[in-house]
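Student: Could we go through this structure together slowly, with each term explained before it is used?

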Amino acid sequence: MLRVLCLLAVVDSVLLLDSGMLFPRESASREVKELNGLWAFRADISPSRNQGFEEAWYKSRLIESGPVIDMPVPASYNDITQDPSLRTFTGWVWYEREVVVPTRWITDEEIRVVLRVGSAHYYSVVWVNGVKVTEHNGGHLPFEAEIGSVIRKDPTAKCRITIAVNNTLTLETLPPGTIQYMNDPTRYPKGFFVQNIFFDFFNYAGIHRSVLLYTTPKAFYVDDITVVTDFSDNAGLVNYKVSVKGSAAATLKLTLMDKEGHCVASSSGSVGALKVADVKLWWPYLMHENPGYLYSLEVHLTAANDKSTSEDVYLLPVGIRTVKVSSTQFLINNKPFYFHGVNKHEDSDIRGKGFDWPLIVKDFNLMKWMGANSFRTSHYPYAEEILQMCDQHGIVVIDECPGVGIKDIRSFGNASLTHHLVVMDELVRRDKNHPSVVMWSVANEPASEMPPAQFYFKTLIKHTKDLDPTRPVTYITNSNYARDLGAPYVDVVCVNSYFSWYHDPGYLEVIPIQLNTQFEDWYAKYQKPIIQSEYGADTLPGLHNDPPLMFTEEYQQAVLQHYHNVFDQKRKHYVIGELIWNFADFMTVQGITRVVGNKKGVFTRQRQPKAAAFILKERYWRLANETGKLPYWTKYPCSL
């Protein structure tokens, strides 16, 4: 185990990433092959968890070195089998799949073939046909490697992909954790250890998002695109920058098209601006009768050398909108925006954190049914496809990195900060073009009172603002404002508090006083707009009592109503949002405070509503209708 921890302690140098991470899209010049399905799987159960490396399992088919089982990708491996040891396994697991690559991809050496992993938790090493092609530190974000030269060494062989994934958390990972060995032989088996975590959700592991092969031209291709939008009166502006790999003499043509496919602006050159007459702005859901309007930016690259002419085409959805923050308001397109939404988790039965289209569509239907206009990606970046859905439906996103549970002073050291900066680079690089993303969150409830914390967060927030000056930056704090040393550097104060639950449990009458004091103290100290980023109460569905008692549906309703009364007073001044904790129940580690998971959802884990969901539905639609600008049918959501 020590060897594993040493490997995980290695972090990359803090350098701005020099390549793009465009979402793989098919076009006239690009193809995508999805590798989802059943993979061969084995956990390394050796005491050192290092047997797979010692015996080089990647050099031959995985089944040749020992037994394997079927494992679906994408999915967490924890809840798939009936093996209790696998559910809580910590260490290396091994995945393998043999893939038939189209012959043309192999025979045509002008085709660049890329292997992309959408997300694996947390440290990954990847081999193709026994050749190491990449490794990646951190979960929740994609990584990739060009593999054309490897698969062309033996054109007749199948492409064998092996991925080793380690979910061990240390004080220098995101999120952090510790390994604790139990060495008393009278109480524990030999070699017994536990993974300690400092966050309240289950440490699901495995390959959680799609694994893909995709192609681009090899000689010249579009590597990255950055768009920043603005507008004045009826004219829109799309400032763009295109990064091209392979040639400085490439010819670029950019065409911006509306939803009907009509060209509304065009340009050439790698840097420039597209001006759009009679612009259709990207608006949040329920803020406009035509929310989530997206243009399509076609980037057409033509380049030539002595041997050939190469063409590459990439289509990027573009929403034209602005985001600004004042001392009391959050403005989208210069109009005040009030966050009435949810916190979520990528979490469901059996799949764990595995990507699942039916679940995603169901969640969006439920959010729109509630009248939710926003959510926070608590406590890590969500799948790119989810953000694409938000772009299309006008759901506003606070995009959060995996900086949850930074509680130990050793997690504020240089190695941790170095890794945290790289993670923010990866997050901003991936999500910078999504109009739905309006704010970056760099951490959740860190121990900000510790002496190194102020330098840590000052550096981290400045770095994030340098990466993207167009969006505000926040991190999520708790209700004890006096201890929060990082708040001066953020643009919006986001506060979590659980009055009458974790504090003064059962006494509902304290909520109005304590919540009002919280808001007044925070605003007096920092003069910045405030979002109530978490509040709520655990509720077992179907459990009732009058008068309300904790864990009953009546108590959850009462907590919400007491908070809402204060929100209604303060949103007239400087409170700009309210995000319920949580959208749905989710799994946690076993413990005496959790009955098969966290039950603060307003929906069950199976997405059935508790009584609180109807409280929020009535409130959110009322808040949306206060603008008086919604079309007739949206004023009567019961008819949807």
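Tutor: Let us begin with contact, which means heavy atoms within 4.5 Å. This is a predicted model, in which local features need pLDDT of at least 70 and side-chain atom pairs count only at pLDDT 80 or more, while totals for chains, interfaces and linings use all residues. Residues are numbered from 1 along each chain as its sequence is written, and side-chain values use heavy atoms, with hydrogens and water left out.

Student: Which residues does Arg30 touch, not counting those up to four places away in sequence?

Tutor: Among them are Arg25, Tyr214, Tyr221, Val222 and Asp312.

Student: Why is Arg30 called buried?

Tutor: Buried means under 20% relative accessible area, exposed over 50% and partly exposed in between, using a 1.4 Å probe and protein chains only. Arg30 has a relative accessible area of 5%, and therefore it counts as buried.

Student: What makes the pair of Arg30 and Val222 a polar contact?

Tutor: A polar contact is a pair of N or O atoms within 3.5 Å; within protein, one must be able to donate a hydrogen and the other to accept it, and residues adjacent in sequence count only if both atoms are side-chain atoms. Here a polar atom of the Arg30 side chain lies 2.9 Å from the backbone oxygen of Val222.

Student: How do you know that Cys494 is in no disulfide with Cys401?

Tutor: A disulfide is a pair of cysteine sulfur atoms within 2.5 Å. By this rule the count comes to zero disulfides. The closest cysteine sulfur to that of Cys494 is in Cys401, and because it is 13 Å away, it is too far for a bond. Cys494 counts as buried, at 1% relative accessibility.
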